[in-house]
Amino acid sequence: MKIDIFENNKKWVAEKLHQDPQYFEKLSQGQHPEYLYIGCSDSRVTAEDLMGVLPGEVFIHRNIANMVISIDLNSMSVLNYAVRHLKVNHIIVCGHYECGGVKAAMQPADMGILNPWLRNIRDVYRLHKDELNAIEDEHQRYNRLVELNVQEQCINLIKTAAVQTAYKERGLLVHGWIFDIHTGRLIDLKIDFPKILQNIMEIYRLD
Ligand code: CO
């Protein structure tokens with residue numbers, strides 16, 4: 001291995017214990033995160049680091065291109081556990097510019113087992129085809145698809161019973177963000193959660 005991870009871990013433990021001798025004892029007592037973060041698996045988009053949060057503060061799920069797919073047992077389990085059991089009050093979908101998953105979905109190529117996953121991003125393109133095809137610059141079109149993909153994944157969250165119930169019960173909110181990998185800044189897409197909810201409820205109401 002290029003990096004001595006176990007050596008790094010030893011240093012990290014020593015540093016934490018130096019700051020607070022009870023650090024791990026406290027960690028072991030349980031978690032009460034306020035946020036669920038759904039982001040991309042990209043190695044450059046390190047969730048806790050870019051948000052400046054501490055262990056215990058954010059429940060995290062990452063997959064290729066930060067997707068929320070209703071038949072994906074993994075993300076649906078994370079969502080239901082976070083919302084119904086941990087009772088998070090905010091869900092964040094965080095995409096990022098230069099996302100390899102989104103880029104792959106824009107190219108005509110057989111990607112094997114990735115095909116069904118990327119298909120969901122192609123569906124986002126189809127939904128917003130007119131807007132996207134009107135953007136001449138390819139890189140700008142790519143950036144816009146990254147944003148629209150986040151928006152659609154927020155909508156996918158809003159389609160779930162867990163989110164609809166928690167919104168009614170305690171005002172849970174869904175947020176769409178972009179990590180701008182060129183500057184390090186987080187951009188809030190300002191998804192109008194109550195408005196989207198209202199718009200889609202006619203079809204997607206579950207309770
Ligand atoms: Co990505």
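A residue counts as buried when its relative accessible area is under 20%, as exposed when that area is over 50%, and as partly exposed in between. Keep these words in mind for the legends below, which take you through a predicted model.

**View 1. A salt-bridge network joins Glu 131, Arg 144 and Glu 147.** Start with Glu 147, which is buried because its relative accessible area is 16%, under the 20% limit. Its partner Arg 144 is partly exposed at 24% relative accessibility. The closest N and O atoms of Arg 144 and Glu 147 are 2.8 Å apart, and the two residues form a salt bridge. Both of them sit in helix H8, 3 residues apart, which is about one turn of the helix. Glu 131 belongs to this network as well.

**View 2. Here are two more of the structure's salt bridges, out of 6 found in a search of the whole structure.** The side chains of Arg 119 and Asp 123 meet with an N to O distance of 3.5 Å. Look for this pair in helix H6 (residues 115–127), where the two residues are 4 residues apart, about one turn of the helix. Asp 123 is partly exposed, with a relative accessible area of 24%. In another salt bridge, the side chains of Asp 42 and Arg 44 meet at 2.7 Å, N to O. Asp 42 is buried at 14% relative accessibility, whereas Arg 44 is partly exposed at 45%.

**View 3. Three protein residues hold out donor atoms to a cobalt ion.** Which atoms are the donors? They are SG of Cys 40, NE2 of His 96 and SG of Cys 99, and they lie 2.0 to 2.3 Å from the ion. Along the sequence, the donor residues follow the spacing C-x55-H-x2-C. Cys 40 lies in strand E1 (residues 35–40), while Cys 99 lies in the loop between strand E3 (90–96) and helix H5 (100–105), so the pair ties together parts that are 59 residues apart in sequence. Both Cys 40 and Cys 99 are buried.

**View 4. Trp 12 and Phe 24 form one of the 4 aromatic pairs in the structure.** Their ring centres are 5.5 Å apart and their planes meet at 65°, so the pair is edge-to-face. Trp 12 comes from helix H1 (residues 5–19) and Phe 24 from helix H2 (residues 23–27), so the pair ties together parts that are 12 residues apart in sequence. Trp 12 is partly exposed, with a relative accessible area of 37%, and Phe 24 is partly exposed too, at 27%.

**View 5. Phe 59 and Tyr 81 make a tilted ring pair.** The ring centres are 5.7 Å apart, with the planes at 50°. Phe 59 lies in strand E2 (residues 58–63) and Tyr 81 in helix H4 (residues 73–85), so this pair ties together parts that are 22 residues apart in sequence. Is each residue buried or partly exposed? Phe 59 is buried at 17% relative accessible area, but Tyr 81 is partly exposed at 39%.

**View 6. Val 150 is a buried residue with a relative accessible area of 0%.** You can find Val 150 in helix H8 (residues 138–158). Leaving aside neighbours within four places in sequence, its contacts include Asn 66, Val 93, Cys 94, Trp 177 and Leu 189. Val 150 and His 96 are 54 residues apart along the chain, and their C-alpha atoms are separated by 9.1 Å.

Key:
Residues numbered from 1 in each chain as written. Predicted model: local features only at pLDDT ≥ 70, side-chain atom pairs only at ≥ 80, totals over all residues. Heavy atoms only, no water. Donors = N, O, S within 2.8 Å, 3.2 Å for Na, K, Ca; no water. Buried < 20%, exposed > 50% of the residue type's maximum accessible area, 1.4 Å probe, protein only. Phe/Tyr/Trp six-rings, centres within 6.5 Å; stacked < 30°, edge-to-face > 60°. Contact = heavy atoms within 4.5 Å. Salt bridge = Lys/Arg side-chain N within 4 Å of Asp/Glu carboxyl O.
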